[in-house]
Protein chains: 2
Amino acid sequence: MDDLTEMLKGVLEGCVLQILHHRESYGYEIVKALNQAGFESVADGTVYPILIRLEKKHLVDVARVRSEMGPPRKVYTLNNAGVHALTGFWERWEFVASRLESIKNDKHNKEDRDG
Amino acid sequence: MDDLTEMLKGVLEGCVLQILHHRESYGYEIVKALNQAGFESVADGTVYPILIRLEKKHLVDVARVRSEMGPPRKVYTLNNAGVHALTGFWERWEFVASRLESIKNDKHNKEDRDG
DNA sequence: AGCGGTACATGGCAACACCTGGTACCGAAA
DNA sequence: TTTCGGTACCAGGTGTTGCCATGTACCGCT
């Protein structure tokens, strides 16, 4: 698949929100979840800034958790504001997606302006 | 509707491509077409740079056409490369949209990793 | 001459995904 | 002990993009 960079703008953050709504998680695992979900090109250098952003916006709660398999993890949990933001994200997504679909189907009458 | 800015990144250009595939057009008219298609917040300052970009990428042909209703128009026509780009755009869109839908439905089994 | 609608262009801004490189913890192998 | 690889996180800089404000210019009407 070609470069999805621009089309992922504003979308990846929503994906992370949704993943965290599914269950609490941490950066490294989220990257793999995204890759597994079909976004194979998404690297860790993309996800960590998103998590920092979510934290700054107070959409997630954070906890340091010791791990058996390496350094401690930063486990993120979606809070109420996060759930609210997730709802808004899906509303925006459906808004854009529906307009895109109607533009794609392109049945919008050109007679409107001509006659 | 909230701010769609980020979600429109990489999408508006495709919309313009599709509008031009529908029929040749010019900036001022394209802005109104987008507004009419539901993207009411899109201003002319957004569309003209897109058209310049399309021209630089050689996806459109341009012709100056005198108008009865004001200054001359720059009428853009989608060429073969443009049609090709449009196809690629819709492929990327459907790719992203399908992944988004499956993330949204969220039925992806969490048992996969646990055991 | 002045006004408003049509039509295009530019310059600066903010947000985002991406890339590179770096830090650090840990267990196993050398 | 040192080295290696896997886990886990972070920071800095880059390029693309949409947005806003502003400016220019053509034209018909008053």
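**Figure 1. Residue classes at the surface near DNA strand C in this predicted model.** The surface near DNA strand C (near: a heavy atom within 4 Å) comprises 12 nonpolar, eight polar and nine charged residues. Here Ala, Val, Leu, Ile, Met, Phe, Trp, Tyr, Cys and Pro count as nonpolar, Asp, Glu, Lys and Arg as charged, and the others, Gly among them, as polar. Of the 29 residues around the strand, Arg53(A), Tyr28(B), Pro71(B), Arg73(B) and Lys74(B) come nearest. Sugar or phosphate accounts for 79% of the atoms of DNA strand C within 4 Å of the protein, and bases for the rest.

**Figure 2. Polar contacts with DNA strand C.** A polar contact is a pair of N or O atoms within 3.5 Å. A polar side-chain atom of Lys9(A) lies 3.2 Å from a base oxygen. In the side chain of Thr46(A), an N or O atom is 3.1 Å from a phosphate oxygen. For Glu6(B), a polar side-chain atom is 3.3 Å from a sugar or linking oxygen.

**Figure 3. Helix H4 of chain B at DNA strand C.** H4(B) gives the most to the surface near the strand, with five residues. Helices are DSSP runs (H or I, at least four residues), numbered from the N terminus.

Residues are numbered from 1 along each chain as its sequence is written, and chains are lettered from A and ligands numbered from 1 in the order in which they are written. In this predicted model, local features need pLDDT of at least 70, side-chain atom pairs count only at pLDDT 80 or more, and totals for chains, interfaces and linings use all residues, while side-chain values use heavy atoms, with hydrogens and water left out.

Key. Polar contact = N/O pair within 3.5 Å; in protein donor to acceptor, adjacent residues only side chain to side chain. Helix = DSSP H or I, 4+ residues; strand = E, 2+ residues; numbered from the N terminus.
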